[in-house]
Amino acid sequence: MGLTPYHNRVNGCKLVAVFLFWLGTFTGDKHTCHAHAAEQQEPVTHGAFGLEQVVLVIQSQRNSYHARKAVERKVEIVQKAAELGQGVPVIVLLHELSDYDGNWSILPALPHLWSTYSQSASWFFFIEDETRVNLAALLKVLHRYEVQEEWFLGKCLHDNEASIIHHYAFSEDPASFGYPDPAAGWALSATLLRRLAERLQHERLKSDFTIDWKYEIALYIWEGGNGPKLTAVPEFCTEPRDNCATTFTTYLPNCGVPVSKEHVFVAVKTCQKFHSERVPVVKATWEKDAAFLEYYSDVADASIPTVSLGVPNTERGHCGKTFAILRRFLSKAVPKADWLLIVDDDTLISLPRLRRLLCCYNPTEAVSLGEKYGYGLVRNGYSYTTGGGGMVMSRVAVARLLSSGCSCYTDDAPDDMVLGRCFTSLGVPITHSPLFHQARPEDYSETLISLQEAISFHKHWNIDPVALYQHWLQDTHPRDEL
(Lines give C-alpha, C1' and ligand atoms only; values in the text may rest on other atoms or scores of the structure.)
Protein backbone atom coordinates (compact mmCIF):
# COMPACT_ATOMS: atom_id res chain seq x y z
CA MET A 1 0.00 0.00 0.00
CA GLY A 2 1.10 3.61 -0.40
CA LEU A 3 1.35 6.26 2.30
CA THR A 4 -2.28 5.55 3.07
CA PRO A 5 -2.08 5.77 6.90
CA TYR A 6 -1.85 9.52 6.50
CA HIS A 7 -4.85 9.71 4.23
CA ASN A 8 -6.86 7.54 6.60
CA ARG A 9 -6.62 10.26 9.23
CA VAL A 10 -6.22 13.69 7.75
CA ASN A 11 -6.72 15.49 4.48
CA GLY A 12 -3.47 15.49 2.54
CA CYS A 13 -3.39 19.22 1.83
CA LYS A 14 -3.99 20.05 5.46
CA LEU A 15 -1.25 17.65 6.48
CA VAL A 16 1.31 19.32 4.23
CA ALA A 17 0.30 22.74 5.56
CA VAL A 18 0.67 21.58 9.15
CA PHE A 19 4.13 20.21 8.49
CA LEU A 20 5.29 23.27 6.58
CA PHE A 21 4.13 25.52 9.39
CA TRP A 22 5.89 23.31 11.95
CA LEU A 23 9.12 23.25 10.00
CA GLY A 24 9.15 26.99 9.69
CA THR A 25 9.39 26.96 5.92
CA PHE A 26 7.00 29.88 5.65
CA THR A 27 9.69 32.08 7.16
CA GLY A 28 11.83 31.89 4.06
CA ASP A 29 14.96 31.00 6.04
CA LYS A 30 17.66 29.09 4.18
CA HIS A 31 19.29 26.36 6.22
CA THR A 32 21.95 24.19 4.64
CA CYS A 33 24.65 22.09 6.23
CA HIS A 34 27.62 24.28 7.00
CA ALA A 35 31.26 23.79 7.92
CA HIS A 36 32.50 25.01 11.27
CA ALA A 37 35.00 27.85 10.95
CA ALA A 38 37.60 25.79 12.81
CA GLU A 39 37.72 23.42 9.86
CA GLN A 40 39.00 26.19 7.63
CA GLN A 41 42.08 26.85 9.74
CA GLU A 42 44.52 25.08 12.04
CA PRO A 43 42.76 22.70 14.45
CA VAL A 44 41.72 24.28 17.73
CA THR A 45 41.35 22.12 20.83
CA HIS A 46 38.43 23.15 23.04
CA GLY A 47 39.27 21.52 26.35
CA ALA A 48 41.03 18.28 27.00
CA PHE A 49 38.84 15.23 27.37
CA GLY A 50 39.30 11.60 26.54
CA LEU A 51 37.12 8.87 25.15
CA GLU A 52 35.62 8.24 28.60
CA GLN A 53 33.53 11.40 28.05
CA VAL A 54 32.08 10.05 24.81
CA VAL A 55 28.91 7.96 24.88
CA LEU A 56 29.00 5.87 21.71
CA VAL A 57 25.53 4.62 20.78
CA ILE A 58 25.35 1.72 18.35
CA GLN A 59 21.94 1.89 16.69
CA SER A 60 21.41 -1.82 17.13
CA GLN A 61 18.28 -3.89 16.53
CA ARG A 62 16.70 -6.72 18.53
CA ASN A 63 16.85 -9.31 15.76
CA SER A 64 19.56 -11.85 16.61
CA TYR A 65 21.67 -11.11 13.52
CA HIS A 66 21.83 -7.37 14.22
CA ALA A 67 22.28 -7.84 17.97
CA ARG A 68 25.26 -10.09 17.25
CA LYS A 69 26.75 -7.56 14.80
CA ALA A 70 26.38 -4.80 17.40
CA VAL A 71 28.16 -6.85 20.05
CA GLU A 72 30.99 -7.53 17.59
CA ARG A 73 31.28 -3.81 16.89
CA LYS A 74 31.32 -3.05 20.61
CA VAL A 75 34.14 -5.55 21.24
CA GLU A 76 36.10 -4.09 18.34
CA ILE A 77 35.75 -0.53 19.69
CA VAL A 78 36.79 -1.53 23.22
CA GLN A 79 39.89 -3.27 21.86
CA LYS A 80 40.83 -0.25 19.75
CA ALA A 81 40.32 2.07 22.71
CA ALA A 82 42.65 -0.05 24.84
CA GLU A 83 45.30 0.12 22.13
CA LEU A 84 44.91 3.89 21.81
CA GLY A 85 45.23 4.53 25.54
CA GLN A 86 43.05 7.66 25.69
CA GLY A 87 40.22 6.23 27.73
CA VAL A 88 37.36 3.91 26.83
CA PRO A 89 34.03 5.31 25.62
CA VAL A 90 30.77 4.31 27.20
CA ILE A 91 29.22 2.02 24.59
CA VAL A 92 25.44 1.66 24.48
CA LEU A 93 23.57 -0.85 22.33
CA LEU A 94 20.37 0.97 21.51
CA HIS A 95 18.18 -2.11 21.62
CA GLU A 96 19.38 -2.74 25.19
CA LEU A 97 18.77 0.80 26.44
CA SER A 98 15.32 -0.19 27.66
CA ASP A 99 12.56 -2.67 26.90
CA TYR A 100 10.88 -0.15 24.61
CA ASP A 101 11.30 -1.01 20.93
CA GLY A 102 10.55 2.54 19.76
CA ASN A 103 14.02 3.78 20.76
CA TRP A 104 15.21 3.11 17.18
CA SER A 105 13.59 6.41 16.16
CA ILE A 106 16.07 8.17 18.51
CA LEU A 107 13.83 10.88 19.97
CA PRO A 108 12.23 8.50 22.52
CA ALA A 109 15.72 7.41 23.58
CA LEU A 110 17.13 10.86 24.32
CA PRO A 111 15.62 11.39 27.81
CA HIS A 112 16.83 7.94 28.86
CA LEU A 113 20.31 8.56 27.46
CA TRP A 114 20.52 11.87 29.31
CA SER A 115 19.27 10.57 32.66
CA THR A 116 21.63 7.60 32.55
CA TYR A 117 24.86 9.05 31.16
CA SER A 118 24.78 12.81 31.70
CA GLN A 119 27.19 12.82 34.66
CA SER A 120 30.24 11.93 32.59
CA ALA A 121 29.30 12.68 28.99
CA SER A 122 30.48 15.56 26.82
CA TRP A 123 29.39 13.99 23.52
CA PHE A 124 26.92 11.40 22.29
CA PHE A 125 28.04 9.74 19.06
CA PHE A 126 25.68 7.50 17.08
CA ILE A 127 26.70 4.82 14.56
CA GLU A 128 25.17 1.89 12.68
CA ASP A 129 26.23 -1.67 13.41
CA GLU A 130 28.21 -1.69 10.15
CA THR A 131 30.00 1.63 10.86
CA ARG A 132 33.71 1.41 11.69
CA VAL A 133 35.26 4.09 13.91
CA ASN A 134 38.81 5.48 14.05
CA LEU A 135 38.79 6.59 17.68
CA ALA A 136 41.84 8.86 17.45
CA ALA A 137 40.35 10.68 14.46
CA LEU A 138 36.97 10.92 16.21
CA LEU A 139 38.55 12.55 19.27
CA LYS A 140 40.39 14.98 17.03
CA VAL A 141 37.10 15.97 15.39
CA LEU A 142 35.21 16.41 18.65
CA HIS A 143 38.00 18.52 20.15
CA ARG A 144 37.31 21.14 17.47
CA TYR A 145 33.96 22.03 19.01
CA GLU A 146 33.26 23.77 22.30
CA VAL A 147 31.35 21.22 24.35
CA GLN A 148 29.47 23.90 26.27
CA GLU A 149 27.71 24.89 23.05
CA GLU A 150 24.96 23.11 21.15
CA TRP A 151 26.38 21.05 18.30
CA PHE A 152 24.73 18.71 15.80
CA LEU A 153 27.42 17.07 13.65
CA GLY A 154 27.25 14.68 10.71
CA LYS A 155 27.74 13.91 7.06
CA CYS A 156 25.21 16.08 5.25
CA LEU A 157 22.43 14.69 3.09
CA HIS A 158 19.80 16.75 1.31
CA ASP A 159 16.86 16.16 -0.98
CA ASN A 160 17.23 16.80 -4.67
CA GLU A 161 13.54 17.53 -5.12
CA ALA A 162 10.47 17.88 -2.91
CA SER A 163 9.76 14.46 -1.45
CA ILE A 164 6.58 12.77 -0.29
CA ILE A 165 8.46 10.99 2.51
CA HIS A 166 9.46 14.42 3.84
CA HIS A 167 5.97 15.83 3.40
CA TYR A 168 7.09 18.08 0.51
CA ALA A 169 8.81 20.35 3.01
CA PHE A 170 11.10 23.09 1.67
CA SER A 171 9.42 22.51 -1.69
CA GLU A 172 10.86 25.67 -3.26
CA ASP A 173 14.42 24.62 -2.41
CA PRO A 174 14.62 21.03 -1.10
CA ALA A 175 18.43 21.11 -0.99
CA SER A 176 18.33 23.94 1.53
CA PHE A 177 17.81 21.59 4.49
CA GLY A 178 20.45 19.10 5.60
CA TYR A 179 20.13 15.93 7.66
CA PRO A 180 22.71 13.31 8.73
CA ASP A 181 23.74 10.12 6.98
CA PRO A 182 23.51 7.57 9.82
CA ALA A 183 26.00 5.24 8.13
CA ALA A 184 28.75 7.85 8.59
CA GLY A 185 27.90 8.48 12.25
CA TRP A 186 26.51 11.65 13.77
CA ALA A 187 26.99 13.47 17.06
CA LEU A 188 25.18 15.62 19.60
CA SER A 189 26.96 17.67 22.20
CA ALA A 190 25.75 16.89 25.72
CA THR A 191 24.56 20.49 26.00
CA LEU A 192 22.22 20.02 23.04
CA LEU A 193 21.06 16.57 24.07
CA ARG A 194 20.12 17.88 27.52
CA ARG A 195 17.86 20.54 26.03
CA LEU A 196 16.27 18.06 23.63
CA ALA A 197 15.62 15.60 26.45
CA GLU A 198 13.98 18.29 28.57
CA ARG A 199 11.89 19.49 25.66
CA LEU A 200 10.66 15.96 24.92
CA GLN A 201 9.44 15.59 28.49
CA HIS A 202 6.84 18.33 28.16
CA GLU A 203 6.26 18.92 24.45
CA ARG A 204 4.13 16.72 22.20
CA LEU A 205 5.39 16.07 18.68
CA LYS A 206 3.45 17.65 15.84
CA SER A 207 3.02 14.29 14.07
CA ASP A 208 2.38 10.80 15.39
CA PHE A 209 4.23 9.19 12.47
CA THR A 210 7.90 8.37 12.14
CA ILE A 211 8.70 7.98 8.46
CA ASP A 212 12.37 8.97 8.12
CA TRP A 213 13.88 9.38 11.58
CA LYS A 214 17.13 11.01 10.40
CA TYR A 215 15.25 13.77 8.61
CA GLU A 216 12.75 14.19 11.41
CA ILE A 217 15.36 14.49 14.15
CA ALA A 218 17.13 17.18 12.11
CA LEU A 219 13.82 19.06 11.92
CA TYR A 220 13.23 18.63 15.63
CA ILE A 221 16.69 19.95 16.48
CA TRP A 222 16.40 22.86 14.06
CA GLU A 223 13.06 23.80 15.72
CA GLY A 224 11.91 26.14 12.98
CA GLY A 225 15.15 28.12 13.12
CA ASN A 226 15.48 28.28 16.90
CA GLY A 227 17.97 25.42 17.17
CA PRO A 228 21.22 24.48 15.46
CA LYS A 229 21.36 23.17 11.94
CA LEU A 230 23.55 20.23 11.00
CA THR A 231 27.26 21.02 10.85
CA ALA A 232 28.95 19.02 8.09
CA VAL A 233 32.00 17.07 9.25
CA PRO A 234 34.17 15.86 6.34
CA GLU A 235 35.81 13.22 8.52
CA PHE A 236 32.48 11.43 8.97
CA CYS A 237 32.69 9.18 5.91
CA THR A 238 30.88 6.31 4.26
CA GLU A 239 33.65 5.56 1.77
CA PRO A 240 37.30 5.28 2.87
CA ARG A 241 39.60 8.25 2.26
CA ASP A 242 42.29 10.16 4.11
CA ASN A 243 41.56 11.41 7.65
CA CYS A 244 38.22 9.60 8.04
CA ALA A 245 36.93 9.14 11.58
CA THR A 246 34.29 6.72 10.31
CA THR A 247 33.76 4.44 7.35
CA PHE A 248 30.88 2.16 6.43
CA THR A 249 30.85 -1.34 5.02
CA THR A 250 27.48 -2.22 3.53
CA TYR A 251 23.77 -2.66 4.20
CA LEU A 252 23.93 -5.85 2.11
CA PRO A 253 26.58 -7.98 3.83
CA ASN A 254 27.91 -11.25 2.51
CA CYS A 255 26.42 -13.73 4.97
CA GLY A 256 26.99 -16.77 2.79
CA VAL A 257 25.02 -18.60 0.13
CA PRO A 258 21.84 -16.71 -0.83
CA VAL A 259 18.53 -18.23 0.17
CA SER A 260 17.24 -20.38 -2.69
CA LYS A 261 14.34 -19.25 -4.85
CA GLU A 262 12.19 -22.08 -3.56
CA HIS A 263 12.41 -20.78 0.00
CA VAL A 264 10.71 -17.46 -0.85
CA PHE A 265 7.01 -17.26 -1.68
CA VAL A 266 5.98 -14.00 -3.35
CA ALA A 267 2.49 -12.52 -3.01
CA VAL A 268 1.57 -9.61 -5.29
CA LYS A 269 -1.51 -7.61 -4.29
CA THR A 270 -3.44 -6.26 -7.25
CA CYS A 271 -7.00 -5.57 -8.39
CA GLN A 272 -8.90 -5.73 -11.67
CA LYS A 273 -8.36 -2.11 -12.66
CA PHE A 274 -4.57 -2.58 -12.57
CA HIS A 275 -4.39 -5.94 -14.38
CA SER A 276 -3.50 -4.31 -17.70
CA GLU A 277 -1.48 -1.39 -16.30
CA ARG A 278 0.73 -2.63 -13.48
CA VAL A 279 0.91 -6.41 -13.74
CA PRO A 280 2.68 -6.25 -17.15
CA VAL A 281 5.46 -4.21 -15.51
CA VAL A 282 6.02 -6.95 -12.92
CA LYS A 283 6.12 -9.55 -15.67
CA ALA A 284 8.58 -7.47 -17.72
CA THR A 285 10.98 -6.92 -14.82
CA TRP A 286 11.28 -9.09 -11.73
CA GLU A 287 8.67 -11.89 -11.96
CA LYS A 288 11.23 -14.16 -13.69
CA ASP A 289 13.35 -14.23 -10.52
CA ALA A 290 10.60 -15.84 -8.42
CA ALA A 291 10.13 -19.59 -8.12
CA PHE A 292 6.74 -19.30 -6.42
CA LEU A 293 4.61 -16.21 -7.10
CA GLU A 294 0.88 -15.55 -7.05
CA TYR A 295 -1.13 -12.46 -7.93
CA TYR A 296 -4.02 -11.81 -5.56
CA SER A 297 -6.92 -9.83 -6.91
CA ASP A 298 -10.61 -9.17 -6.41
CA VAL A 299 -11.36 -11.24 -9.53
CA ALA A 300 -9.89 -14.40 -11.03
CA ASP A 301 -8.17 -13.68 -14.34
CA ALA A 302 -6.76 -16.77 -16.06
CA SER A 303 -4.65 -14.70 -18.47
CA ILE A 304 -2.30 -13.55 -15.68
CA PRO A 305 -3.31 -15.70 -13.72
CA THR A 306 -4.74 -14.14 -10.56
CA VAL A 307 -6.20 -15.74 -7.46
CA SER A 308 -9.36 -14.31 -5.93
CA LEU A 309 -9.33 -14.61 -2.15
CA GLY A 310 -12.99 -13.73 -1.77
CA VAL A 311 -12.13 -10.32 -0.31
CA PRO A 312 -13.62 -7.31 -2.14
CA ASN A 313 -11.13 -4.69 -3.31
CA THR A 314 -10.80 -1.66 -1.06
CA GLU A 315 -9.46 1.74 -2.08
CA ARG A 316 -7.14 1.82 0.92
CA GLY A 317 -5.76 -0.39 3.63
CA HIS A 318 -6.13 -3.91 2.16
CA CYS A 319 -5.93 -5.53 5.59
CA GLY A 320 -8.56 -8.16 4.80
CA LYS A 321 -6.70 -9.19 1.64
CA THR A 322 -3.34 -9.33 3.41
CA PHE A 323 -4.62 -11.55 6.23
CA ALA A 324 -6.18 -13.85 3.61
CA ILE A 325 -2.72 -14.07 1.99
CA LEU A 326 -1.19 -14.98 5.36
CA ARG A 327 -3.68 -17.79 5.84
CA ARG A 328 -3.10 -19.09 2.30
CA PHE A 329 0.68 -19.02 2.85
CA LEU A 330 0.32 -21.45 5.76
CA SER A 331 -2.15 -23.68 3.92
CA LYS A 332 -1.45 -26.61 1.61
CA ALA A 333 -2.74 -24.59 -1.35
CA VAL A 334 0.75 -23.22 -2.04
CA PRO A 335 4.27 -24.69 -1.82
CA LYS A 336 5.78 -24.56 1.65
CA ALA A 337 8.45 -21.87 1.97
CA ASP A 338 10.49 -20.35 4.79
CA TRP A 339 9.82 -16.75 3.76
CA LEU A 340 6.82 -14.74 2.59
CA LEU A 341 7.23 -11.52 0.61
CA ILE A 342 4.12 -9.36 0.16
CA VAL A 343 4.34 -6.49 -2.35
CA ASP A 344 2.04 -4.13 -4.20
CA ASP A 345 1.58 -4.40 -7.94
CA ASP A 346 3.57 -1.17 -8.34
CA THR A 347 6.50 -2.37 -6.23
CA LEU A 348 9.77 -2.87 -8.10
CA ILE A 349 12.10 -5.30 -6.36
CA SER A 350 15.35 -7.23 -6.79
CA LEU A 351 14.67 -10.77 -5.63
CA PRO A 352 18.32 -11.85 -6.03
CA ARG A 353 19.43 -9.09 -3.65
CA LEU A 354 16.62 -9.94 -1.26
CA ARG A 355 17.74 -13.56 -1.18
CA ARG A 356 21.30 -12.41 -0.44
CA LEU A 357 20.01 -10.37 2.48
CA LEU A 358 17.76 -13.12 3.81
CA CYS A 359 20.66 -15.51 4.30
CA CYS A 360 21.72 -13.23 7.20
CA TYR A 361 18.51 -14.06 9.07
CA ASN A 362 17.40 -17.23 10.82
CA PRO A 363 14.14 -18.55 9.33
CA THR A 364 13.41 -20.49 12.52
CA GLU A 365 12.96 -17.15 14.31
CA ALA A 366 9.97 -14.83 14.03
CA VAL A 367 11.29 -12.22 11.58
CA SER A 368 9.47 -9.18 10.17
CA LEU A 369 11.72 -7.27 7.77
CA GLY A 370 11.46 -4.21 5.53
CA GLU A 371 11.50 -0.41 5.72
CA LYS A 372 10.56 0.48 9.29
CA TYR A 373 8.05 3.21 10.12
CA GLY A 374 6.51 4.10 13.45
CA TYR A 375 3.30 5.40 14.97
CA GLY A 376 3.16 7.25 18.29
CA LEU A 377 6.67 6.15 19.23
CA VAL A 378 7.38 8.93 21.73
CA ARG A 379 4.24 7.88 23.61
CA ASN A 380 4.61 4.08 23.68
CA GLY A 381 3.39 3.42 20.15
CA TYR A 382 4.43 0.69 17.74
CA SER A 383 6.61 0.12 14.68
CA TYR A 384 5.63 -1.44 11.37
CA THR A 385 7.11 -2.47 8.04
CA THR A 386 5.68 -0.13 5.42
CA GLY A 387 3.89 -2.09 2.72
CA GLY A 388 4.89 -0.45 -0.53
CA GLY A 389 8.57 -1.31 -0.22
CA GLY A 390 7.76 -4.95 0.48
CA MET A 391 6.97 -6.79 3.70
CA VAL A 392 9.06 -9.89 4.46
CA MET A 393 8.02 -12.37 7.13
CA SER A 394 9.39 -15.70 8.19
CA ARG A 395 6.98 -18.60 8.27
CA VAL A 396 7.42 -18.71 12.04
CA ALA A 397 6.33 -15.06 12.32
CA VAL A 398 3.22 -15.63 10.19
CA ALA A 399 2.24 -18.69 12.23
CA ARG A 400 2.71 -16.86 15.51
CA LEU A 401 0.64 -13.92 14.33
CA LEU A 402 -2.30 -15.96 13.05
CA SER A 403 -2.36 -18.25 16.09
CA SER A 404 -2.52 -15.19 18.36
CA GLY A 405 -5.94 -14.19 17.07
CA CYS A 406 -4.74 -10.72 16.14
CA SER A 407 -6.77 -9.50 13.18
CA CYS A 408 -8.04 -6.57 11.12
CA TYR A 409 -10.59 -4.26 12.68
CA THR A 410 -11.96 -3.65 9.16
CA ASP A 411 -11.04 -5.06 5.73
CA ASP A 412 -9.80 -1.62 4.65
CA ALA A 413 -7.63 -1.00 7.71
CA PRO A 414 -3.97 -0.22 6.88
CA ASP A 415 -2.51 -3.71 6.63
CA ASP A 416 1.09 -2.77 7.36
CA MET A 417 0.14 -0.88 10.51
CA VAL A 418 -2.13 -3.65 11.77
CA LEU A 419 0.64 -6.20 11.22
CA GLY A 420 3.05 -3.94 13.10
CA ARG A 421 0.66 -3.53 16.00
CA CYS A 422 0.14 -7.30 16.15
CA PHE A 423 3.85 -8.12 16.01
CA THR A 424 4.61 -5.51 18.67
CA SER A 425 2.00 -7.02 20.99
CA LEU A 426 3.60 -10.44 20.43
CA GLY A 427 7.13 -9.20 21.10
CA VAL A 428 8.25 -9.85 17.52
CA PRO A 429 10.78 -7.14 16.58
CA ILE A 430 10.29 -5.15 13.39
CA THR A 431 13.67 -5.28 11.65
CA HIS A 432 14.69 -2.36 9.46
CA SER A 433 16.66 -2.43 6.24
CA PRO A 434 17.19 0.90 4.41
CA LEU A 435 17.46 -1.07 1.17
CA PHE A 436 13.65 -1.26 1.01
CA HIS A 437 12.02 1.96 -0.20
CA GLN A 438 8.40 3.06 0.13
CA ALA A 439 8.83 5.67 -2.60
CA ARG A 440 10.71 6.30 -5.86
CA PRO A 441 14.46 6.95 -6.15
CA GLU A 442 13.67 10.61 -6.80
CA ASP A 443 12.20 10.86 -3.30
CA TYR A 444 15.49 9.99 -1.56
CA SER A 445 18.83 11.71 -1.27
CA GLU A 446 20.87 10.90 -4.36
CA THR A 447 23.99 10.69 -2.19
CA LEU A 448 22.33 8.08 -0.01
CA ILE A 449 20.86 5.71 -2.58
CA SER A 450 23.76 5.95 -5.03
CA LEU A 451 25.90 4.06 -2.49
CA GLN A 452 23.28 1.37 -1.86
CA GLU A 453 22.42 -1.88 -3.56
CA ALA A 454 18.73 -1.13 -3.27
CA ILE A 455 16.27 -3.99 -2.90
CA SER A 456 13.02 -2.19 -3.72
CA PHE A 457 11.27 1.00 -4.80
CA HIS A 458 7.58 1.80 -4.99
CA LYS A 459 5.19 3.80 -7.19
CA HIS A 460 5.11 4.53 -10.92
CA TRP A 461 4.42 8.28 -10.62
CA ASN A 462 6.01 10.20 -13.51
CA ILE A 463 8.65 7.55 -14.18
CA ASP A 464 9.36 4.74 -16.59
CA PRO A 465 9.18 1.77 -14.18
CA VAL A 466 11.01 -0.63 -16.49
CA ALA A 467 13.87 1.84 -16.95
CA LEU A 468 13.94 2.43 -13.18
CA TYR A 469 14.20 -1.30 -12.54
CA GLN A 470 17.00 -1.70 -15.07
CA HIS A 471 18.99 1.21 -13.65
CA TRP A 472 18.58 0.67 -9.91
CA LEU A 473 17.64 -2.96 -9.34
CA GLN A 474 18.84 -5.19 -12.16
CA ASP A 475 22.31 -6.61 -11.58
CA THR A 476 24.53 -6.42 -14.65
CA HIS A 477 26.37 -9.59 -13.68
CA PRO A 478 23.97 -11.62 -11.56
CA ARG A 479 25.37 -14.32 -9.34
CA ASP A 480 24.68 -17.95 -10.10
CA GLU A 481 21.03 -18.61 -9.45
CA LEU A 482 20.13 -21.30 -6.96
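At 19% relative accessibility, C359 falls just inside the buried class, because buried means under 20%. This is a predicted model, so every value here is computed from it. C359 takes part in no disulfide. The cysteine sulfur nearest to that of C359 belongs to C360, and it sits 4.8 Å away. For a disulfide, two cysteine sulfur atoms have to be within 2.5 Å, so C359 and C360 don't make one.

**The cysteines that do pair up**

How many disulfides are there by that rule? The count comes to four. Here are three of them, side by side.

| Pair | S to S distance | Angle about the S-S bond | Hand |
|---|---|---|---|
| C237 and C244 | 2.1 Å | -95 degrees | left-handed |
| C255 and C360 | 2.0 Å | 90 degrees | right-handed |
| C406 and C422 | 2.0 Å | -85 degrees | left-handed |

Let's start with C255 and C360, since C360 has already come up. The two cysteines of this disulfide link distant parts of the chain, 105 residues apart. C255 is in the loop between β11 (246–248) and β12 (264–269). C360, for its part, is in the loop between α10 (351–358) and β17 (368–370).

Are C255 and C360 buried or partly exposed? C255 has 30% relative accessibility, so it counts as partly exposed. C360 comes out at 7%, so it counts as buried.

Now for C406 and C422, which form another of the disulfides. C406 lies in the loop between α11 and α12 (415–426), while C422 is in helix α12 itself, so the pair ties together parts that are 16 residues apart in sequence. Both C406 and C422 are buried.

C237 and C244 are joined too, and each of these two cysteines is buried. One more cysteine to mention is C271: its relative accessibility is 5%, so C271 counts as buried.

**Two helices that cross**

Helix α9 covers residues 319–330, and helix α11 covers residues 395–404. Their axes come within 10 Å and cross at roughly 115 degrees. The crossing of α9 past α11 is left-handed.

Which residues make the contact between α9 and α11? From α9 come F323, L326, R327, F329 and L330. On the α11 side you'll find R395, V398, A399, L401 and L402. Sorted by class, the contact has eight nonpolar residues, two charged ones and no polar ones.

Looking at α9 by itself, its 12 residues span 17 Å from the first C-alpha to the last. That's close to the 16 Å expected at 1.5 Å a residue. Helix α9 is also mostly covered, with 10 of its 12 residues buried. Among the buried residues of α9 are C319, G320 and K321, along with F323, L326 and F329. The last three of these, F323, L326 and F329, also belong to the contact with α11.

**A helix that is buried from end to end**

Helix α7 runs over residues 213–222. How many of its 10 residues are buried? The answer is 10 of the 10, so α7 is largely enclosed by the rest of the structure. The buried residues of α7 include W213 and W222, as well as K214 and E216. Y215 and Y220 are buried in α7 too. Just after this helix, E223 takes a positive phi of about 55 degrees.

**A histidine in α3**

H66 is found in helix α3, which spans residues 64–84. Its relative accessible area is 9%, so H66 is buried. What does H66 touch, leaving aside its neighbours within four places in sequence? Its contacts are Q61, D129, Y361 and T431.

**Stepping back**

Now for the whole protein. It has 14 helices and 22 strands. The protein has 482 residues, and 59% of them count as buried. If you take the contacts with a separation of 6 or more, 77% of them are between residues 24 or more positions apart.

Definitions and conventions: Residues are numbered from 1 along each chain as its sequence is written. This is a predicted model: local features need pLDDT of at least 70, side-chain atom pairs count only at pLDDT 80 or more; totals for chains, interfaces and linings use all residues. Side-chain values use heavy atoms; hydrogens and water are left out. Buried means under 20% relative accessible area, exposed over 50%, partly exposed in between (1.4 Å probe, protein chains only). Helices (H or I, at least four residues) and strands (E, at least two) are DSSP runs, numbered from the N terminus. Axes are lines fitted to C-alpha atoms, for helices over the stretch in contact, and angles run from 0 to 180 degrees between N-to-C directions. A crossing is left-handed if the near helix is turned anticlockwise from the far one by less than a right angle, and right-handed if clockwise. Contact means heavy atoms within 4.5 Å. Ala, Val, Leu, Ile, Met, Phe, Trp, Tyr, Cys and Pro count as nonpolar, Asp, Glu, Lys and Arg as charged, and the others, Gly among them, as polar. The expected span of a helix is 1.5 Å times one less than its number of residues.
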